[in-house]
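Welcome, and thanks for taking a look at this structure. Below is a short briefing on its inner spaces and its cysteines.

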Amino acid sequence: MSSVAERGAFRGPYADGPPPEALLVDPPPLSAFGLAEFRRFVTIGGVLIVCLAAALTRWLTRPKRESWRAAASTGVVDAFCRLGPMFIKLGQLLGSSPSICPAPLSEAARRCIREVGPLDVATVRAVIEADLGLPVDELFASFEARPLSAASVAQVHGCVLPDGREAVVKVQRPELRATVTADLRIQWRLMRLLERWSGFARDANVSGAIEDLHAVTFNELNFTLEAQRQSRFRDRIGHFGDNVAVTAPEVYWNWCGPNVICMERLFGVPIDDFAAVRARHVDGKLAMRRGVKVWMEACLVHGPFHGDVHAGNIWALDDGRVGYLDFGIMGELTDEWKEVMRDFFFTSAIDNDFTRVARAYKRVGAFPADAGTDDEIGARMQMIFGPMFDAGLGEVPMASLLAEIIRTMGAYAGGAWTPKELQLIIKQLLYFERYSKEFAPDWPMFRDLYLMRNVFPEAVAAAAAERGETLPD
């Protein structure tokens with residue numbers, strides 16, 4: 001006897017698209033701190049101590065196999081994996097951005113990208129059935145009990161739709177909100193304390209980073225919003241008639257609900273599986289340029305951009321394309337800051353006129369009006385950043401470049417400062433740096449006309465002709 005879904009009679013709650021109220025986000029206040037947060041703080045401290053002690057005890061019994069720093073890093077990452085989503089995300093950042101932390105910790109933290117304990121399949125089925133109202137075996141022609149991946153917020157299972165399309169179902173871990181709320185409140189208070197004692201922490205606006213993470217995280221817990229953003233991002237990849245070598249999964253709305261996203265299944269390997277990517281004879285540098293180009297267009301033209309491009313979320317696909325996955329974290333610049341970034345990249349890629357950047361930063365208050373003339377500021381910025389932009393990412397680490405930008409802005413702003421609008425962008429650039437060092441260490445990303453082809457089409461065409469450059473498809 002055929003199932004309801006096989007007969008074509010099934011209509012999920014979002015069959016006609018999500019209702020407007022499902023897209024609303026209501027994050028709890030960040031500054032509150034009560035008994036739940038105190039208990040969680042004690043738990044965090046206890047887990048870190050236990051995991052560090054266990055790792056160092058193991059090291060003492062076989063110290064020649066690794067350094068004590070590597071052992072301690074393993075203990076820290078063990079704690080991250082036990083403590084849940086917010087600490088796993090921290091591990092993902094450290095693992096994908098080796099220039100911002102010691103090498104042993106970055107290496108150990110890469111485990112957070114792929115090795116997260118999975119939910120049992122009974123729990124997964126219960127979430128799907130609660131959202132969609134039918135048993136899993138009636139919703140899908142087949143459903144894989146073993147997860148394809150398990151992450152901090154959700155896990156993914158393969159399935160086949162009744163019409164034969166291969167798909168995946170992303171299912172949110174239940175009861176995340178309370179733990180995430182407590183972790184963010186604790187982290188915010190710790191960062192505020194750190195800013196009192198550390199000039200670098202103040203320069204980097206680390207408490208502001210937690211405030212942004214707070215907003216981003218509760219957006220991420222809204223799966224309906226994520227699915228809508230994924231659809232928008234995918235639809236806009238081909239907006240200019242190119243970018244055919246980059247894609248994102250199509251959302252299958254009929255099988256989506258508040259805690260479930262059903263989408264097209266893509267086949268490939270994570271971009272940081274360097275051996276597997278090379279085995280496919282992929283032009284790694286061209287793939288990087290294509291992927292970053294799409295990201296730049298989303299950021300500077302379309303609006304919402306992918307805000308979590310760690311290695312597990314960018315794949316080299318079996319068909320040769322680059323695939324973006326997991327749209328739980330998206331960023332979007334205000335129109336004002338979008339113009340600032342456009343001015344910055346026009347300068348770096350096309351005419352090297354840093355007076356434009358000085359004017360742009362003054363418009364948004366990054367530099368006070370009395371900081372100096374545009375020519376004076378521009379000349380200093382050109383002297384500092386020009387040689388750094390000319391170098392490949394293998395020569396000048398992105399972290400060094402970004403630190404210099406922060407210091408320069410601070411010198412004019414009367415106290416170094418990182419605008420919150422730039423923090424998510426900086427994080428993504430650090431991720432791109434790691435992949436580029438492997439595939440394209442000589443690539444001067446900020447000078448690449450190809451990235452700006454659809455952002456400034458006429459200026460790029462003129463510059464390419466003048467330089468004798470032929471831009472790829």
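The lining of the second largest cavity is made up of 6 nonpolar, 2 polar and 4 charged residues. Please keep in mind as you read that this is a predicted model. The points below start with that cavity, go on to a pocket and end with the cysteines.

**The second largest cavity**

- The count of cavities of 30 Å³ or more comes to 4.
- The second largest cavity holds about 90 Å³ of space.
- Two elements, α11 (223–237) and α13 (284–302), give two or more residues each to the lining of this second largest cavity.
- With 5 residues, α11 provides the largest share of that lining.
- If you would like to find the cavity in the view, its lining consists of R229, R232, F233, R236, I237, N243, V294, E297, A298, H302, P304 and M330.

**The second largest pocket**

- For the second largest pocket, the volume is about 810 Å³.
- Its lining has 35 residues, and S149, V156, G312, W315 and L325 are the ones closest to the pocket centre.
- Sorted by class, the residues lining the second largest pocket are 19 nonpolar, 7 polar and 9 charged.
- At least two lining residues come from each of the helices α3 (85–96), α5 (111–114) and α11, and from each of the strands β2 (149–150), β3 (154–160), β4 (166–172) and β6 (260–264).
- The strand β3 supplies the largest share of the second largest pocket's lining, with 3 residues.
- You may recognise α11 here: this helix gives residues to the lining of the second largest cavity and also to the lining of the second largest pocket.

**Cysteines and disulfides**

- As a reminder, a disulfide is a covalent bond that joins the sulfur atoms of two cysteines.
- How many disulfides does a search of the whole structure find? The search finds 0.
- Why does C51 have no such bond? The closest cysteine sulfur to that of C51 belongs to C81 and is 9.0 Å away, which is too far for a bond.
- C51 is also buried, its relative accessible area being 3%.
- C256 has its closest cysteine sulfur in C262, but the distance of 6.1 Å is again too far for a bond, because a disulfide needs the two sulfur atoms to be within 2.5 Å.
- Like C51, which is buried, C256 counts as buried, at 1% relative accessibility.

Notes:
Residues are numbered from 1 along each chain as its sequence is written. This is a predicted model: local features need pLDDT of at least 70, side-chain atom pairs count only at pLDDT 80 or more; totals for chains, interfaces and linings use all residues. Side-chain values use heavy atoms; hydrogens and water are left out. On a 1 Å grid over the protein atoms alone, a cavity is a set of points where a 1.4 Å probe fits but cannot get out, and a pocket is an open set with protein on both sides within 12 Å along at least five of seven lines; lining residues have an atom within 4 Å of a point. Grid points are joined across faces, edges and corners, and a volume is the space filled by probe spheres set on the points. Helices (H or I, at least four residues) and strands (E, at least two) are DSSP runs, numbered from the N terminus. Ala, Val, Leu, Ile, Met, Phe, Trp, Tyr, Cys and Pro count as nonpolar, Asp, Glu, Lys and Arg as charged, and the others, Gly among them, as polar. Buried means under 20% relative accessible area, exposed over 50%, partly exposed in between (1.4 Å probe, protein chains only).
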